[in-house]
Every structure is written in C-alpha cells, then in structure tokens.
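Trainee: Got a minute to go through this one with me? I'd like to take it piece by piece.

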Amino acid sequence: MNTRVQSICLWSGYAFFVLYLVGILVVAQFIPPPAPSWDGATIAAFFAEHRMRILIGMSICAFASALYIPWGVAIF
C-alpha cells in the first residue's frame, strides 16, 4: 500500500469514532443506558416512544462500523 491509501485508511478510524459517537450519543441518546430498575413495560414504552430517533442513530452507527475495516487493515 502506498502512503496515500494508508493515510485514507487511518483517517477512516477517526471518521468511525466521530460518526459512532454521534449516532449513539447525540441521535439515539443511549448513554446513559436505561435504568436497571425499569421493568419490561417501561423499557418497551421507552423504545416505542423514541423509535425513529433510535433507528436513525443505529443506522449511523452501522454505517460508521464499515469505516472500522479500512482502519483495521491499515494498522495490521
């Protein structure tokens, strides 16, 4: 691999990190996680109420996960 390709692969790791954080923190708001004291009905209501936000956030995370592969190849 030449240095330009390696640089692109390494920068994809930074893009993965940023996009994944945006998806899980900003959009889906999964951190902090639901309280362990919540019963099944409360958790079901939470997911039903925030369905679209969670779907969009997890879609961003899934897209970001594809950027992890080139980064892993570059450091291998």
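Trainee: Let's start with V5. Is V5 buried, partly exposed or exposed?

Mentor: V5 has a relative accessible area of 35%. That puts V5 between the 20% and 50% cut-offs, so V5 counts as partly exposed. Keep in mind that this is a predicted model.

Trainee: Okay, and where is the place of V5?

Mentor: V5 belongs to helix α1. That helix covers residues 3-27.

Trainee: How far is V5 from P70 in space?

Mentor: Their C-alpha atoms are separated by 9.6 Å, and V5 and P70 are 65 residues apart along the chain.

Trainee: What about S7, how far is that from F63?

Mentor: S7 is in helix α1 too. From C-alpha to C-alpha, S7 and F63 are 20 Å apart, with their positions 56 residues apart in sequence. S7 is partly exposed, because its relative accessible area is 33%.

Trainee: Moving along the helix, is S12 buried or exposed?

Mentor: S12 sits in helix α1. Its relative accessible area is 9%, so S12 is buried; the cut-off for buried is under 20%.

Trainee: And which residues does S12 touch?

Mentor: Leaving out residues up to four places away in sequence, S12 touches L67, P70 and W71. With W71 there's a polar detail as well: the S12 side chain reaches the backbone nitrogen of W71 at 3.4 Å.

Trainee: Nice. New topic: which residues form the nonpolar patch on the surface?

Mentor: The patch is made of F17, V18, L21, V22, L25, V26 and I31. Together they have about 600 Å² of accessible area.

Trainee: Can we take L21 from that patch? What is its relative accessible area?

Mentor: For L21 the value is 32%, so L21 is partly exposed. L21 lies in helix α1.

Trainee: And V22, how accessible is that?

Mentor: V22 is also at 32% relative accessibility, so V22 counts as partly exposed. You'll find V22 in helix α1. The C-alpha atoms of V22 and C61 are separated by 8.2 Å, and the two are 39 residues apart along the chain.

Trainee: What comes after that helix? Where does Q29 lie?

Mentor: Q29 lies in the loop between α1 and α2. Helix α2 covers residues 40-49. Q29 has a positive phi of about 50 degrees, although Q29 is not a glycine.

Trainee: Is Q29 buried, partly exposed or exposed?

Mentor: Q29 is at 43% relative accessibility, so Q29 counts as partly exposed.

Trainee: And the peptide bond from I31 to P32, is that cis or trans?

Mentor: That bond is cis, with omega near 5 degrees. P32 is found in the loop between α1 and α2.

Trainee: Let's go inside now. Which residues make up the largest nonpolar core?

Mentor: There are six residues in it: I24, A28, F30, F46, I54 and C61.

Trainee: Pick one. Which residues does I54 touch?

Mentor: Not counting residues up to four places away in sequence, I54 touches A28, F30, F46 and F47. I54 lies in helix α3, which spans residues 51-66.

Trainee: So how buried is I54?

Mentor: I54 has 9% relative accessibility, so I54 counts as buried.

Trainee: And how far apart are I54 and C9?

Mentor: Their C-alpha atoms are separated by 28 Å, and I54 and C9 are 45 residues apart along the chain.

Trainee: F46 came up among the contacts of I54. Which residues does F46 touch?

Mentor: F46 touches P34, W38, R53 and I54, again setting aside residues up to four places away in sequence.

Trainee: What reaches the backbone oxygen of F46?

Mentor: The side chain of H50 does, at 2.9 Å. H50 is in the loop between α2 and α3.

Trainee: Last one: is H50 buried or exposed?

Mentor: H50 has a relative accessible area of 18%, so H50 is buried. The cut-off is under 20%.

Notes
Residues numbered from 1 in each chain as written. Predicted model: local features only at pLDDT ≥ 70, side-chain atom pairs only at ≥ 80, totals over all residues. Heavy atoms only, no water. Core = buried A, V, L, I, M, F, W, Y, C linked by side-chain atoms within 4.5 Å. Buried < 20%, exposed > 50% of the residue type's maximum accessible area, 1.4 Å probe, protein only. Contact = heavy atoms within 4.5 Å. Patch = residues over 30% accessible without salt bridge, like charges linked within 9 Å, V, L, I, M, F, W, Y side chains within 5 Å. Areas by Shrake-Rupley, 256 points an atom, 1.4 Å probe, with all protein chains shown as cover. Salt bridge = Lys/Arg side-chain N within 4 Å of Asp/Glu carboxyl O. Helix = DSSP H or I, 4+ residues; strand = E, 2+ residues; numbered from the N terminus. Polar contact = N/O pair within 3.5 Å; in protein donor to acceptor, adjacent residues only side chain to side chain.
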